[in-house]
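The following paragraphs lead through a single model, taking up its helix packing and then its buried positions. Please keep the sequence and the coordinates at hand while reading.

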Amino acid sequence: MINQMQAYAKTNADGYAKLDAFFIAGDLTDNGKPSEFKVINDVFKANIEEGTELILAIGNHDSWTSKDPEGGRPAFLKEFGENSTMRDEVIGGYHVLSIYGDGNNTGSDYTQEMCDELEVRIKKAIKDTGTDKPVFVIQHVGELNTAVGTDSYTHARSY
């Protein structure tokens with residue numbers, strides 16, 4: 001997929017010959033093991049071309065520390081060098097925020113503090129780029145009842 005997307009971008013078929021970023025909304029691994037994060041990151045390093053941003057959000061499979069006490073969120077943070085609960089990148093003039101859970105064994109456990117921080121960042125992004133541009137927020141499990149897969153069953157599950 002990575003190679004196909006990069007090859008398509010180079011065709012200039014849409015008048016734009018560059019792939020700005022890959023966004024992945026979690027479940028990079030099956031069980032959040034350090035070895036799984038390493039394998040996927042090796043794939044990224046070997047295939048994503050320089051100048052293309054990689055923006056990740058951690059998912060519930062990536063958070064399963066019960067499967068490996070060295071795994072989960074700490075392994076994700078170690079492998080990818082992320083150092084906060086969210087990122088804010090400007091890609092092509094648009095703010096793209098990624099947020100991932102607080103590490104309580106799911107990729108969608110957001111504390112009130114995290115939600116407050118996200119709100120501040122969204123308002124700052126709107127102020128930066130204007131109300132005519134959307135702000136993109138990438139997360140593994142969306143807010144309750146906002147899209148397919150965000151029903152109460154999904155939100156009520158404990159992993």
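In which hand, left or right, does α2 cross α3? The model is a predicted one, and in it α2 passes α3 in a right-handed crossing. The two helices, α2 (34-47) and α3 (residues 73-80), pack with their axes 9 Å apart and at an angle of about 30°. Since angles under 35 degrees count as roughly parallel, α2 and α3 are therefore described as roughly parallel to each other. On the α2 side the contact is made by P34, F37, K38, I40, N41, F44 and K45, and these meet A75, F76, E79 and F80 on the α3 side. Sorted by class, the residues of this contact comprise 7 nonpolar, 1 polar and 3 charged.

One of the α3 residues in that contact, F76, also serves as a reference point for a position in the preceding loop. S63 lies between β2 (53-56) and α3, and its C-alpha atom is 8.4 Å from that of F76, although 13 residues separate the two in sequence. Is S63 buried or exposed? With a relative accessibility of 1%, S63 counts as buried, the limit for that term being under 20%.

At the start of the chain, helix α1 (residues 2-10) has three buried residues to consider, namely I2, Q6 and A9. Seen down the axis of α1, these buried residues fall within an arc of 60°, so they line one face of the helix. The spacing can be read against a general rule: an α-helix has 3.6 residues a turn, so residues three or four places apart point the same way. What covers the buried residues of α1 includes β1 (21-24) as well as α2, the helix that also packs with α3. Just after α1, the backbone at N12 takes a positive phi of about 60°.

The part played by β1 in this cover can be followed through F22, which lies in that strand. F22 is buried, with a relative accessible area of 7%, and its C-alpha atom is separated by 8.4 Å from that of I2, 20 residues away along the chain. Which residues does F22 touch, once its neighbours within four places in sequence are left aside? The contacts of F22 are with M1, I2, M5, Q6, I48, T52, E53, L54 and I55, and among them I2 and Q6 belong to the buried residues of α1.

Definitions and conventions
Residues numbered from 1 in each chain as written. Predicted model: local features only at pLDDT ≥ 70, side-chain atom pairs only at ≥ 80, totals over all residues. Heavy atoms only, no water. Buried < 20%, exposed > 50% of the residue type's maximum accessible area, 1.4 Å probe, protein only. Helix = DSSP H or I, 4+ residues; strand = E, 2+ residues; numbered from the N terminus. Arc of directions from axis to C-beta. Contact = heavy atoms within 4.5 Å. Axes fitted to C-alpha atoms, helices over the stretch in contact; angles between N-to-C directions. Parallel < 35°, antiparallel > 145°, perpendicular 65-115°, else oblique. Left-handed = near helix turned anticlockwise from the far one by under 90°. Nonpolar A, V, L, I, M, F, W, Y, C, P; charged D, E, K, R; others polar.
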